[in-house]
Amino acid sequence: MFTVGAESLLQQAREIQAEELGKFCSRICKLLREDDLGPDAVDCLRRLFLIVSATKYNRRLDKTCVDLLQATLCLPACPEPLQVLCAAILREMSPSDSLTLSCNHTQNTRQLSLVASVLLAQGDRREEVNMVAQHILRALESRQPEGPSLRHLLPVMSKVVGLSPGALQEDQTTLLSKRLIDWLRYASVQQGLPHSGGFFSTARARQPGPITEVDGAVATDFFTVLSMGHHFTEDQWLNVQAFSMLRAWLLHSGPEGPGAPDSDDKSELEGSTLSVISATSTAGRLLPPRERLREVAFEYCQRLIEQSTRRALRKGDSDLQKACLVEAVLVLDVLCRQDLSFLYRTLSCLKALHGRLSGDPACVRVLLPLARFFLTHGEAAAVDSEAVYQHLFTRVPAELFHSPMLAFEFVQFCRDNLHLFGRNLSILTLSFPNLFKFLAWNSPALTAEFVALLPVLVDATTAVEILHALLDLPCLTAALDLQLRSLPALSERPLWDTSLRSPSCLEAFRDPQFQGLFQHLLRPKASGTTERLAPLHQLLQPMASCARVAQCSEAVPTLLHAYFAAVTQVASGALTDQLVLVLLERSDSLYRVPQFEARVHRVLSSQFLALCKLKPSLVVELARHLLEFLGSVSGVHSRASMVTSVVWAVGEYLSVTYDRRCTVEQINKFFEALEALLFEVTQSRPSATLPKCPPQVVTVLMTTLTKLASRSQDLIPRVSLLLSKMRTLAQSPAASSPHGEEGAEAIHTRATELLNLLKMPSVAQFVLTPSAEVGSPRYHRDVNMALPLALRTVSRLVEKEASLLPG
């Protein structure tokens, strides 16, 4: 979210037209031609960067301006802020045919990194990636301590490896591996000198001291990213950057990477001195560079894990410890996948780490890479990792659902590691109530993630329970809000609506009478049962206006569409019947959030029709439940879309064509129920508590009654009389009030059409209940047997008959 001021600047930048931009570029060109590039040039370049980056489409700049930006970027004595801005603007324009940059014009590593960033943004259209890689590798070959700084080049090299893994030759890969070994293992253990001393500085004061640990103790082992100091040397900065790209480089240079392993190559021993490490598998022999890098990476990660046990003096250092632990575990995972000998040296360490962190809520994000490690390697190491998963899926979501970063990482962990769960997939599927807590509290950010995850969670055993949970998701959000408000003061106060005052809801949350319902709503695992939560909907009604509840309710229709797309792939006949019963029941039992019911009813009605199409016989099988639903007249006005779909399905599928068990008695029962329903909706007058009935309900009711009469012809006189009354009623002025003029006209037209059709019962049955042949596409394409031709013939016969009748 941007501030009002930032939004205003962005809007102004987006509204600048080409003519005004051209004038501004002319002014910038004039400034860049001056010998003294002062603050005015910096200010104008900042504004130009805002203009070119504020829109999704590329802005066209004058060629003169682009050439001057490139020339300024390559100037030997250009101030660094100007170079950074020029590079940023040129990156925003990429890919572009007007760029003529080359790494040959760079004067130092800082300038090389900026030019390389622009060239990499071009997308390797002219082999820019390979050109950048060769220039950086030539700089890395320089080993003199007094040489140019390499700190700016490692991030670019990491980008090169990601864009084009095959850009490096075997000898180049070996060179960079040896340099990484040096930086990771042999960085200085003394602090760096300050950049400049003051007038009162003395030689004694400027002497560098030793690096320290996060708890202030003097470090007794090699330098890592968790080593502390006031100033750092060049090789210490390279140590930090080398660790940041270590995992990507191991994946690139490992057995599964583009380069082949060099385990048989014993010739490359110069460049680094390998220290004797505690692993007996490598003691007493020298290793080629790739294997040495893995050993050094293993030692580095072990050192980080040891440093994480120290109590940090500052909160920032404590956060850094957790971040380094996450990366260390991920690196160990890569090492163990590349070489199984690391697995048995790592297991005991990571088991102890999990035991130490599992009880610390502040370190919960480290548990995700640990769980991935055990998912990946537990079977190979004959380790039962179920306790790790149980803790992860049971306690973490229930207690820390309000952490947005953890929520995203947790759901991403589930998505990315589905292939690793194997026989433990049931732990994931049965934990959906806990996962839904992340969704309920962070629904806008996690909706897309759960749309992708739902097909895995839905199976025949959980389908019905998940459907109830999705429909109750806004209610779950309200319950989670109350749960947080009822807890003691939290270390990190989550965001909630402070303007909301709901003492009655808090009292109800603590009331033993409702504890069972709240416990079911907040359950950690699938229970296999469902509860009617209508009492909670009423109790939590004051919270329906909460912004977080409203946000969650907006996500439910999208999630329901994803759910039904998944459940139709696993639904059997019995499950389809259960789902239809849930739709009928829940259409009148939803948490009353503004606009939520209308949105959900639209989804439920369309999915009801889809399920009927999937299994047409369910109309006969569930006849009793459908009759009960149609008999609840009180809900017709609030459930118009659902009622319309049910009535249409009855008219379409209550036929021996779809189910031989359909009887005349069933048709008569539905006819009486629908006739009573039509009478109620047309005779009732709209009021403040009873809104008007949509005309679509009336027209569908009339059509379905006509369809049923065509299948049981004893009902034709009865429905003809009813349609005559409806036509007369639609013409009266009173009908325009509840239905509107267009609605009354639609009712009148439909009644007239159906009456004309019923004058020829056999034709009515042919049209209203077509056989499978009539419904086939060929029947409608063939001009000699087309249904429109039949209808036109019937219409002419009916009109002729009507003209012969006495006036």
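Visitor: Which residues line the second largest cavity?

Guide: A lining is read as a list of residues around an enclosed space, and in this predicted model the second largest cavity is lined by Ser358, Gly359, Asp360, Pro361, Val364, Leu367, His391, Arg395, Val396, Glu399 and Leu400. The space within the second largest cavity comes to about 70 Å³.

Visitor: Which helices supply at least two residues each to that lining of the second largest cavity?

Guide: Helix 14 (364-377) and helix 15 (386-400) each do so, and helix 15 gives the most, with five residues.

Visitor: How many nonpolar, polar and charged residues does the lining of the second largest cavity have?

Guide: Sorted by class, this lining has five nonpolar residues, together with three polar and three charged ones.

Visitor: How many cavities of 30 Å³ or more does a search of the whole structure find?

Guide: The search finds five, and the largest cavity among them has a volume of about 180 Å³. There are 17 residues lining the largest cavity, of which His468, Ala469, Asp472, Leu521 and Arg523 are the closest to its centre.

Visitor: Which helix gives the most to the lining of the largest cavity?

Guide: Helix 19 gives the most, contributing four residues, while helix 19 (432-441), helix 21 (463-471) and helix 24 (515-521) each supply at least two residues of that lining.

Visitor: What is the make-up of the lining of the largest cavity by class?

Guide: Read by class, as was done for the other cavity, the lining of the largest cavity has seven nonpolar residues, alongside six charged and four polar ones.

Methods. Residues are numbered from 1 along each chain as its sequence is written. This is a predicted model: local features need pLDDT of at least 70, side-chain atom pairs count only at pLDDT 80 or more; totals for chains, interfaces and linings use all residues. Side-chain values use heavy atoms; hydrogens and water are left out. On a 1 Å grid over the protein atoms alone, a cavity is a set of points where a 1.4 Å probe fits but cannot get out, and a pocket is an open set with protein on both sides within 12 Å along at least five of seven lines; lining residues have an atom within 4 Å of a point. Grid points are joined across faces, edges and corners, and a volume is the space filled by probe spheres set on the points. Ala, Val, Leu, Ile, Met, Phe, Trp, Tyr, Cys and Pro count as nonpolar, Asp, Glu, Lys and Arg as charged, and the others, Gly among them, as polar.
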